[in-house]
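Please look over the structure shown here before reading on; the report that follows moves from the overall fold to its cores and then to its aromatic rings.

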Amino acid sequence: MKKTILGAAALAGVLAALAGQAFAADMPSRPYAKAPAYTAPAVVYNWTGFYVGGHLGGAFAGNNSLQSSDARFLGGVQAGFDYQFTPNWVLGAEAQYSWLGGGTNNNLIFPAGTVVTGRVADQIGSVTGRLGYTWGPALVYAKGGYAWRDGNNIGMTVAGVPQAFTTSGNSKDGYTVGAGLEYLFAPNWSAKAEYQYYNFGNTTVTAGPADTVGARFRNDEHSVKVGVNYRFGWGGPAASRY
């Protein structure tokens, strides 16, 4: 009896092993899954932060101005702050100061022989807001705000003799508008090219030699400049977007 039970148990084990092999043979093979291709993270640039820099360029007065319309050298410094939002717009504020040189005084001769001399301004500055649109490392922007210069001093002579006269108008304070393109070319560094127009109103002769009374001159400047900015707290791409 004992031998019969042991034999039956052995037979059951053999049958179970055979059944397991048959089940395994009927199972489908595991499909091969290819690893996804590597996608480089997108670079996100960030314009938010303070900056300081310098610029070089040229300036010239407009028509009907007491200043010479010859191009003059321009060089100076700027500082500002930008804030990037939503996500491609940049809002900022900037203060800029420039030295002007290389120009000559402008002499106008009136019908009765009165000579009016206008001295060229040698300092100019502005405090502006600016709004720009950025894509990648590039930013195109427009700007506008308050402008200042060191004045437009004039003199009058008749046959070389200085004449007394009075004028109206403020030739030192005005407004400015402009536009430019800026580019982030290295961590913390950007370069820009910019056009800026300055308007300081009009100067009108209210009293003096008869041939000059009522004469009116526009006080304005055009400038074209290139510059470089160092941006604090901007160490390159702001983040990697996967």
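## Fold, cores and aromatic pairs

The protein has one helix and 15 strands, and the model described here is a predicted one. Of its 242 residues, 35% count as buried, while the accessible surface comes to about 13,500 Å², of which 66% belongs to carbon and sulfur atoms. Among the contacts between residues at least 6 apart in sequence, 68% join residues that are at least 24 apart.

The largest nonpolar core is made up of eight residues, namely Leu66, Phe110, Val116, Ile154, Met156, Val205, Ala215 and Phe217. Apart from this core lies another, of seven residues, including Ala59, Leu100, Ala147 and Phe200.

A search of the whole structure finds seven aromatic pairs, and two of these pairs are set out in the table.

| Pair | Arrangement | Centre to centre | Between the planes |
|---|---|---|---|
| Phe50 and Phe81 | tilted | 4.7 Å | 55 degrees |
| Tyr83 and Phe85 | stacked | 6.3 Å | 10 degrees |

The pair of Phe50 and Phe81 links distant parts of the chain, since Phe50 belongs to strand 2 (residues 49–61) and Phe81 to strand 3 (residues 72–85), 31 residues apart. Phe50 is exposed, with a relative accessible area of 54%, whereas Phe81, with 31%, is partly exposed. In the other tabulated pair, Tyr83 counts as partly exposed at 46% relative accessibility, and Phe85 is partly exposed with a relative accessible area of 27%.

Elsewhere, ring pairs link Trp189, Tyr230 and Phe232 into a cluster. Arg130, for its part, lies over the face of Tyr141, at 4.4 Å from the ring centre.

How values were computed. Residues are numbered from 1 along each chain as its sequence is written. This is a predicted model: local features need pLDDT of at least 70, side-chain atom pairs count only at pLDDT 80 or more; totals for chains, interfaces and linings use all residues. Side-chain values use heavy atoms; hydrogens and water are left out. A nonpolar core is a set of buried Ala, Val, Leu, Ile, Met, Phe, Trp, Tyr and Cys residues joined through side-chain atoms within 4.5 Å. Buried means under 20% relative accessible area, exposed over 50%, partly exposed in between (1.4 Å probe, protein chains only). Helices (H or I, at least four residues) and strands (E, at least two) are DSSP runs, numbered from the N terminus. Contact means heavy atoms within 4.5 Å. Accessible areas come from the Shrake-Rupley method with a 1.4 Å probe; for residues, only the protein chains shown count as cover. Rings of Phe, Tyr and Trp (its six-membered ring) pair if their centres lie within 6.5 Å; planes under 30 degrees apart count as stacked, over 60 as edge-to-face and the rest as tilted. A charge sits over a ring if NZ of Lys or CZ of Arg is within 6 Å of the ring centre and within 35 degrees of the ring normal.
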